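This report describes how two protein chains meet each other and how they meet a DNA strand. The sequence and the structure come first.

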Protein chains: 2
Amino acid sequence: MAPPPAPQTMKERILETADKLFYLQGIRAIGVDTIAAEIGISKRTLYNHFPSKDALIAAYLERRFVQPRASDKAPAEQILATFDSLERRFAAKDFRGCPFVNAVAELGPADRAVKKIAIAFKESRRVWFRDRLNELGVTDAEALATQLVLLVDGSIAQDLVRDDPAMARAAKEAAKVLLRNAGVDVGDKAAAKPGKRAARYP
Amino acid sequence: MAPPPAPQTMKERILETADKLFYLQGIRAIGVDTIAAEIGISKRTLYNHFPSKDALIAAYLERRFVQPRASDKAPAEQILATFDSLERRFAAKDFRGCPFVNAVAELGPADRAVKKIAIAFKESRRVWFRDRLNELGVTDAEALATQLVLLVDGSIAQDLVRDDPAMARAAKEAAKVLLRNAGVDVGDKAAAKPGKRAARYP
DNA sequence: TTTTGGTTACACAGACCTGTGTACTTAGGC
DNA sequence: GCCTAAGTACACAGGTCTGTGTAACCAAAA
């Protein structure tokens with residue numbers, strides 16, 4: 001089960017470790033010494049691969065900016081599956097919110113480079129929702145896509161402070177209502193109003 | 001129009017300045033020297049009022065934890081007004097997200113004290129929504145209240161990175177749909193589906 | 001007037017941080 | 001064997017940060 005020795009490049013080893021430490025403990029909280037020590041390399045080697053900590057931060061965020069892979073499931077399913085995946089990530093103990101939002105919060109509004117990539121990331125997520133909604137023939141896909149990313153980011157923020165994966169389920173239920181309201185069939189009609197009422201969120 | 005000289009206590013002056021700097025530039029980004037210099041007092045004085053920076057941070061967050069004042073408007077109106085108020089705050093140039101979420105993001109998961117007050121704050125907001133929903137006779141007020149705070153925090157996070165007050169309006173529209181779905185009358189029935197489609201969120 | 005409490009000016013210890021300089025070692029390709 | 005590229009060890013400059021120690025100051029209360 002353990003993957004083969006992994007012929008990783010040094011740059012990748014650095015990035016991998018920086019990612020883990022930056023994400024889990026915060027960008028400002030981690031010094032380059034700590035990263036180098038964690039890998040067991042000298043600080044000099046790190047600076048031979050990245051000219052500055054800022055460059056390392058930028059590379060860290062760019063590495064986090066992965067496009068969600070294509071899927072052959074129905075668009076509505078894909079959209080809802082987003083929230084299931086979110087719930088799984090919340091449940092993992094190494095989840096610490098959105099790295100882009102955290103970076104903006106930590107580094108402040110002055111850091112234009114960080115803000116730029118954060119905006120790009122958020123917009124890419126919104127566009128992903130919008131494209132699926134267009135496939136479904138939703139009238140105002142732009143507006144609904146925005147509302148869905150609000151639910152995603154809202155549940156991430158809430159989970160960050162509360163450590164409660166149920167936030168993802170709450171977001172999913174809300175998303176269902178919004179989708180149904182836009183004429184999308186999301187099955188499971190009953191759960192909306194009376195009868196078997198949805199699980200409680202404490 | 002300018003308020004009278006304001007017989008502020010020294011402690012309050014420190015807190016006020018700490019609030020401004022911590023919130024706008026980040027807790028880690030601001031040193032106690034900076035705060036003292038901004039007021040024009042010596043660092044010694046600051047440490048005579050707060051035993052440590054941690055204590056100052058805690059006091060800063062506690063000061064931010066204000067209960068929303070009571071209102072005699074109808075509950076549904078109060079709920080929706082939340083999002084209007086949010087939009088106004090987004091439009092102000094000194095808005096920098098939720099101080100509690102930011103603090104948790106900045107200080108990391110290790111800081112139990114900060115996390116505790118952040119959780120209390122988030123819960124107080126959720127309870128506020130829930131109480132209004134109960135007044136409206138909504139069936140599952142708990143779940144719906146959670147969904148509404150997701151919209152609030154989602155729009156805050158999105159505005160933090162995008163600087164786009166329209167996020168508050170998007171949240172408000174989503175909130176209307178959720179409320180209507182729970183049987184609450186929020187007027188303005190048309191905006192939901194076809195006809196005059198809602199404003200676009202870029 | 002004397003005392004007292006808050007304040008100031010200022011130095012400083014001890015950490016930690018980013019980034020650099022330098023000389024040494026090690027491994028592979030020629 | 002020799003050269004090159006990459007990494008290592010380690011010191012250090014220059015900065016920032018939190019927190020303390022100390023002596024002087026000033027105003028108001030006693």
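## Terms and model

In the class counts below, Ala, Val, Leu, Ile, Met, Phe, Trp, Tyr, Cys and Pro count as nonpolar, Asp, Glu, Lys and Arg as charged, and the others, Gly among them, as polar. The model is predicted: local features need pLDDT of at least 70, side-chain atom pairs count only at pLDDT 80 or more, and totals for chains, interfaces and linings use all residues. Residues are numbered from 1 along each chain as its sequence is written, chains are lettered from A and ligands numbered from 1 in the order in which they are written, and side-chain values use heavy atoms, with hydrogens and water left out.

## The surface near DNA strand D

A residue is near a strand if one of its heavy atoms lies within 4 Å of it. By class, the surface near DNA strand D has five nonpolar, six polar and five charged residues. Of these 16 residues, T45(A), V32(B), D33(B), K43(B) and K53(B) come nearest. Sugar and phosphate make up 47% of the strand D atoms that come within 4 Å of the protein.

Phosphate oxygens of DNA strand D lie 2.8 Å from a polar side-chain atom of T45(A) and 3.1 Å from a polar side-chain atom of Y47(B). For K53(B), a backbone N or O atom lies 2.7 Å from a phosphate oxygen of the strand.

## How the two copies are related

Chain B can be laid on chain A with an RMSD of 0.1 Å by a turn of 180° and a shift of 0.0 Å along the axis; the fit is by least squares on the C-alpha atoms of residues with pLDDT of at least 70 in both. The two copies are therefore related as by a two-fold rotation axis. In chain B, the C-alpha nearest the axis belongs to G154(B), 1.7 Å from it.

## The interface between the chains

With contact meaning heavy atoms within 4.5 Å, chain B and chain A give 51 residues each. The two chains bury about 4,500 Å² between them, 64% of it on carbon and sulfur atoms. Buried area is the accessible area (1.4 Å probe) that two parts lose on being put together, summed over both.

The rule finds four salt bridges across this interface, each a side-chain nitrogen of Lys or Arg within 4 Å of a carboxyl oxygen of Asp or Glu. One of them joins E123(A) and R162(B), whose closest N and O atoms are 2.5 Å apart.

Key. Polar contact = N/O pair within 3.5 Å; in protein donor to acceptor, adjacent residues only side chain to side chain.
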